[in-house]
Amino acid sequence: MRNRTCTRHNWSFDLADALVSVPKRSDQPESLDTTAWDPVGVLYVESQGQLIFGTRNPEPVRLREPLGGVAR
């Protein structure tokens, strides 16, 4: 099985977009609902190089703003 892994958080999602792995799960609050982290609910996606950023914020900040001079 192939998964996609977030390079920032190391969370892994299967090909059906279900969260399947949260490293150091014991460091997370017990109330963490892994079913609520389905990337299908992402409203906005933008990429820079190989990095892909997504948010559920209906009024997102454009990616180039926080990246400043790093963005190409």
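**Exercise 1. Burial and overall make-up**

Task: State what share of the protein's residues count as buried, and give the order of its secondary structure elements.

Solution. Step 1: In this predicted model, 17% of the 72 residues count as buried. Step 2: The secondary structure amounts to 1 helix and 5 strands. Step 3: Read from the N terminus, the elements follow the order β-β-β-β-β-α. Step 4: For contacts that link residues at least 6 apart in sequence, 8% are between residues at least 24 apart.

**Exercise 2. The sheet**

Task: Which strands form the open sheet, in what order, and is the pairing parallel or antiparallel?

Solution. Step 1: The open sheet holds 3 strands, ordered 1-2-3, and the pairing is antiparallel. Step 2: Strand 1 and strand 3, the latter covering residues 19-21, are the edge strands, since each pairs on one side only. Step 3: Between strand 1 and strand 2 (residues 12-13) there are 2 bridges, and these strands run antiparallel. Step 4: Within this arrangement, Arg 4 is opposite Phe 13 of strand 2.

**Exercise 3. The nonpolar core**

Task: List the residues of the largest nonpolar core, then find the contacts of Leu 19 beyond its sequence neighbours within four places.

Solution. Step 1: The largest nonpolar core consists of 5 residues, namely Trp 11, Phe 13, Leu 19, Val 22 and Leu 32. Step 2: With neighbours within four places in sequence set aside, Leu 19 contacts Trp 11, Ser 12, Phe 13, Thr 34 and Trp 37. Step 3: Compare the two lists: Trp 11 and Phe 13 appear both in the core and among the contacts of Leu 19.

**Exercise 4. Arg 2**

Task: Is Arg 2 buried or exposed, and which residues does Arg 2 touch beyond four places in sequence?

Solution. Step 1: Arg 2 is located in the segment before strand 1. Step 2: Arg 2 counts as exposed because its relative accessibility is 68%, and the cut-off for exposed is over 50%. Step 3: Leaving out residues up to four places away in sequence, Arg 2 touches Asp 14 and Leu 15. Step 4: Ser 12 is 10 residues from Arg 2 in sequence, with a C-alpha to C-alpha separation of 9.7 Å.

**Exercise 5. The largest pocket**

Task: How much space lies in the largest pocket, and which strand supplies the largest share of its lining?

Solution. Step 1: The largest pocket contains about 960 Å³ of space. Step 2: Its lining has 20 residues, and Cys 6, His 9, Ile 52, Phe 53 and Gly 54 lie nearest the centre. Step 3: At least two lining residues come from each of strand 1 (4-5) and strand 5 (51-55). Step 4: Strand 5 supplies the largest share, 5 residues. Step 5: Sorted by class, the lining comprises 10 nonpolar, 6 polar and 4 charged residues.

**Exercise 6. The second largest pocket**

Task: Give the volume of the second largest pocket and describe its lining by element and by class.

Solution. Step 1: The volume is about 180 Å³. Step 2: Residues lining the second largest pocket include Tyr 44, Glu 46, Phe 53, Gly 54, Thr 55 and Arg 62. Step 3: Strand 4 (44-48) and strand 5 are the elements giving two or more residues to this lining. Step 4: Strand 5 contributes the most, with 3 residues. Step 5: By class, the lining divides into 6 nonpolar, 3 polar and 2 charged residues. Step 6: Phe 53 and Gly 54 line the second largest pocket and also lie among the residues nearest the centre of the largest pocket.

Notes:
Residues are numbered from 1 along each chain as its sequence is written. This is a predicted model: local features need pLDDT of at least 70, side-chain atom pairs count only at pLDDT 80 or more; totals for chains, interfaces and linings use all residues. Side-chain values use heavy atoms; hydrogens and water are left out. On a 1 Å grid over the protein atoms alone, a cavity is a set of points where a 1.4 Å probe fits but cannot get out, and a pocket is an open set with protein on both sides within 12 Å along at least five of seven lines; lining residues have an atom within 4 Å of a point. Grid points are joined across faces, edges and corners, and a volume is the space filled by probe spheres set on the points. Helices (H or I, at least four residues) and strands (E, at least two) are DSSP runs, numbered from the N terminus. Ala, Val, Leu, Ile, Met, Phe, Trp, Tyr, Cys and Pro count as nonpolar, Asp, Glu, Lys and Arg as charged, and the others, Gly among them, as polar. Two strands pair if DSSP finds at least two bridges between them. A nonpolar core is a set of buried Ala, Val, Leu, Ile, Met, Phe, Trp, Tyr and Cys residues joined through side-chain atoms within 4.5 Å. Buried means under 20% relative accessible area, exposed over 50%, partly exposed in between (1.4 Å probe, protein chains only). Contact means heavy atoms within 4.5 Å.
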